[in-house]
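Morning, everyone. I have one chain to go through today, so let me put it on the screen.

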Amino acid sequence: MKLFKTKFQQNDFDENKLPSSRKGQFFDILKHRKSLLFKMSFILILFLLPFFISVIVKDSMLASVDLSLEKDVLKDKIFNISLIYTILVSISLLIFFVGLSGVAKIYKRLLWREPIFIKEDFFSGIKENCFNFIVFGLINSIFFSFSLIISYFTDSLFQYLPVGLNIVFVCPVVLIALFLICFYKNSFISNIKISIEFYLKNPLFTLLFVLMSFGMFQIKYIKYIYIKYLLVGLIIVFILPFFLLLMFEYYTYKFDELINKDKFVNFYKKGLNKKL
């Protein structure tokens with residue numbers, strides 16, 4: 001299949017023609033490798049199909065609810081639907097994390113200017129990263145499920161505490177850990193410790209990435225179903241692959257400065273022109 005093929009030019013790996021910074025590399029990739037990024041969006045769409053189905057199921061169930069029911073009965077029905085939706089989304093996102101683990105290796109090779117063979121790299125990435133990606137995805141899903149249950153049993157401000165904790169601390173730590181997994185072979189505990197330390201020292205951009213991700217999910221509140229589905233598709237195709245590239249460039253830059261410069265010299269500024 002043409003999707004799994006890629007072409008190289010003789011100067012693709014000529015260091016003299018490479019950008020000297022991750023910022024420059026980001027724009028260089030946008031200019032010369034857009035087709036590869038769109039191929040990544042196609043792969044991610046396949047692994048997001050269960051998520052789409054979950055959203056459709058939830059919308060169908062909510063549309064069938066009789067709004068004239070008593071308040072307590074209506075609340076129970078909506079909670080049950082939300083609980084089913086949360087379970088389906090949790091499973092769907094774990095499937096997505098499987099695909100993401102393969103795509104992540106392709107992004108790493110792209111930034112490091114290594115030869116890319118999409119089919120081989122994708123499946124080897126799943127083999128290398130899948131388990132750890134799923135574990136951290138499961139942590140995220142558990143916290144979100146807990147947040148939903150808390151919101152059902154209390155109407156006080158306390159119901160927002162688990163959601164806030166998830167957004168401000170759990171998700172950022174998980175996000176950093178996922179990028180650590182892509183580049184280093186650490187134990188689960190080491191990834192947690194390094195992620196927490198990294199986040200406490202560099203909270204701004206990680207928190208911004210998390211908030212941007214949550215912002216994309218807020219389209220679920222759009223009342224017009226077809227517009228909502230259209231926006232989801234557009235986000236995945238035209239925003240998600242470039243958003244992933246942006247995050248990869250940022251974390252690769254920070255890992256270079258905080259880790260690679262002293263501990264992994266061979267990784268330091270890999271894929272960049274080090275002569276400039």
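**Confidence first**

Residues 7-11 stay under 50 in pLDDT, the predictor's confidence in each residue on a scale from 0 to 100. For that stretch the model has six contacts beyond four places in sequence, a contact being heavy atoms within 4.5 Å. This is a predicted model, in which local features need pLDDT of at least 70, side-chain atom pairs count only at pLDDT 80 or more, and totals for chains, interfaces and linings use all residues. Residues are numbered from 1 along each chain as its sequence is written, and side-chain values use heavy atoms, with hydrogens and water left out.

Over the protein chain, mean pLDDT is 89, and 93% of residues reach 70 or more. Among the elements, helix 9 (residues 240-263) has the highest mean, 97, and helix 8 (residues 225-238) the lowest, 87.

Now the fold. The protein chain has nine helices and zero strands; these are DSSP runs, H or I of at least four residues for helices and E of at least two for strands, numbered from the N terminus.

On dimensions, the C-alpha trace spans about 70 × 40 × 30 Å along its principal axes. The radius of gyration, taken over C-alpha atoms, is 21 Å, which agrees with the value near 19 Å for a compact globule of 276 residues; that rule is 2.2 Å times the number of residues to the power 0.38.

As for packing, 44% of the 276 residues are buried, meaning under 20% relative accessible area with a 1.4 Å probe, protein chains only. Of the contacts with a separation of 6 or more, 77% are between residues 24 or more positions apart.

Note on methods. Buried < 20%, exposed > 50% of the residue type's maximum accessible area, 1.4 Å probe, protein only.
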